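I am opening a notebook on a structure that is new to me, and I want to read it piece by piece before I form any picture of the whole.

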Amino acid sequence: MFSEEKKQIIKYGILLDKYELVSLTCGNLAIRMPTGEILVTPSGIAYDEMEEDDIIVCDIDGNNIEGDKKPSSDTPAILYIFKHRPDINGVIHTHQPYATAISLIPGMTEFRVCYTGMANACAGNVPIAPPSPAGSVEMGIDVVNYAGNSRAVILGNHGVMTIGSTLKEALYAAVYLEETAKGYLAARACCPDGKINEMSDEYIQQMVDVFKYYGQGTPTIPTDLVKKVK
Ligand SMILES: [Zn+2]
C-alpha cells in the first residue's frame, strides 16, 4: 500500500541525513494521503536502513492500518497537526543544530528572514516555541498555535518541525531554514552588538510571493513583482 510515498519518505529521510539535519535515528517524516491515511516513519530505525515495510500506515486517530513496526514516538504530535491543519499533508521533524541553536539565544521568539531562500521556502519569519517534551502531543499543539503562515516552527532547546502542502515543501523549509541559520549565527558572531543587516518586511514579502512562480509548471515571474525594494 502506498509504495511510491513510502519510497519518497525514505529518500527524504536520507536527504535529511545528507544535509545534516538529523543524526542517526532522530527526527521523523509523515505524509497524509488524499484518502486520509497517514504514513509515518518507525521509531529508532536509521533512514539508510529503513525499508518500505517499516513505514507505518495509520488513520488520523493513530489506529494501525498497515505495518508491524512501532511508529515514531512523536506520532501524537504529528496526528495533532494533521487534524488541525487540513491544508498540511507533509510533516518533518528534525534536530537540525543551527536552527535549534537560535532558540538558545535569550529573548528570541522569532527567527526573522535574512536570506531570500528562507523567505521562499519557509514562507516568512519562523516562530520559536517554548520547550516541550520530546514525544509529547504538546509539540504538535505548539506547531499549530505558533506556525501562522510559516512552514516551520523552531521548538525551543529541541529541534524544528516543518510543514507543507506536500512533503517536498516541508523538506525545502527544513533545508533552507538551516542554511539561513548557519549564515545568521556566523554573522552574529562577527557583529559585536549582535545586530546584522536585516531584510525589510516588504523585501521578505516579495521573496515569499516570488517563490509561487518558482520551478516547473508555474508561470514566469511578473516583472512588477521583482522591482527593487529596500
Ligand atoms: Zn525530537
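The entries below follow the order in which I looked things up.

**Entry 1, the model and its sheet.** I note at the outset that this is a predicted model. I began with the strands and found an open sheet of 9 of them, with mixed pairing, in the order β4-β3-β2-β1-β5-β9-β8-β7-β6. The edges are formed by β4 (64-66) and β6 (110-111), each of which pairs on one side only. I reminded myself that strands of a sheet pair through backbone hydrogen bonds, either parallel or antiparallel.

**Entry 2, strand β1.** Is β1 buried or exposed? I found that 5 of the 5 residues of β1 are buried, so this strand is largely enclosed by the rest of the structure. Looking at the two directions in turn, I saw Asn28, Ala30 and Arg32 pointing one way from β1, with Leu29 and Ile31 pointing the other way, and all of them are buried. On one side β1 pairs with β2 in the antiparallel sense over 3 bridges, and Arg32 stands opposite Ile38 of β2. These two strands make a hairpin with 5 residues between them, and in its turn I noted Gly36, which has a positive phi of about 100°. With β5, strand β1 pairs in the antiparallel sense over 4 bridges, where Ile31 has Gly90 as its bridge partner.

**Entry 3, strands β5, β9 and β8.** I then moved along the sheet to β5, where again 5 of the 5 residues are buried, so that β5 too is largely enclosed by the rest of the structure. Both of its faces are covered, with Gly90, Ile92 and Thr94 buried on one side and Val91 and His93 buried on the other. Strand β5 pairs with β9 in the antiparallel sense over 5 bridges, and in that pairing Val91 stands opposite Ile163. I followed β9 (residues 159-164) onward to β8 (residues 152-155), and these two are antiparallel as well, paired over 4 bridges, with Ala152 standing opposite Thr162.

**Entry 4, helix α1.** I turned next to α1 (residues 3-18), a helix of 16 residues that spans 23 Å from its first C-alpha to its last, close to the 22 Å expected at 1.5 Å a residue. Which of its residues are buried? I listed Lys6, Ile9, Ile10, Tyr12, Gly13 and Leu16. They lie on the same side of α1, because they cover an arc of only 165° around the axis. The buried residues of α1 pack against β1, β2, β5 and α6 (167-190), whereas the face turned away from them carries the exposed residues Ser3, Glu4, Lys7 and Lys18. After the helix comes Glu20, whose phi is positive, near 60°.

**Entry 5, helix α5.** I made the same check on α5 (residues 137-146), which lies across β7 (126-129), β8 and β9 and runs at about 130° to β8. Its buried residues are Met139, Gly140, Asp142, Val143 and Tyr146. They cover an arc of only 160° around the axis, which puts them on the same side of α5. I recalled that an α-helix has 3.6 residues a turn, so residues three or four places apart point the same way. The packing partners of the buried residues in α5 are α2, β7, β8 and β9. The residue I noted after this helix is Gly148, with a positive phi near 60°.

**Entry 6, the nonpolar core.** Last, I asked which residues have the most contacts inside the largest nonpolar core. This core has 64 residues, and I wrote down Val153, Ile154 and Leu177 as those with the most contacts inside it. The element that gives the most to this core is α6, with 11 residues. I looked at Leu177 more carefully and, leaving aside its neighbours within four places in sequence, found it in contact with Ala99, Met118, Cys122, Val126, Ala152 and Val160. Ala152 was already in my notes, as the residue opposite Thr162 in β9.

Terms used
Residues numbered from 1 in each chain as written. Predicted model: local features only at pLDDT ≥ 70, side-chain atom pairs only at ≥ 80, totals over all residues. Pairing = 2+ DSSP bridges. Contact = placed C-beta atoms within 7 Å. Axes fitted to C-alpha atoms, helices over the stretch in contact; angles between N-to-C directions. Expected span 1.5 Å × (residues − 1). Buried ≥ 20, exposed ≤ 12 C-beta atoms within 10 Å, placed from the backbone. Arc of directions from axis to C-beta. Core = buried A, V, L, I, M, F, W, Y, C linked by C-beta atoms within 7 Å.
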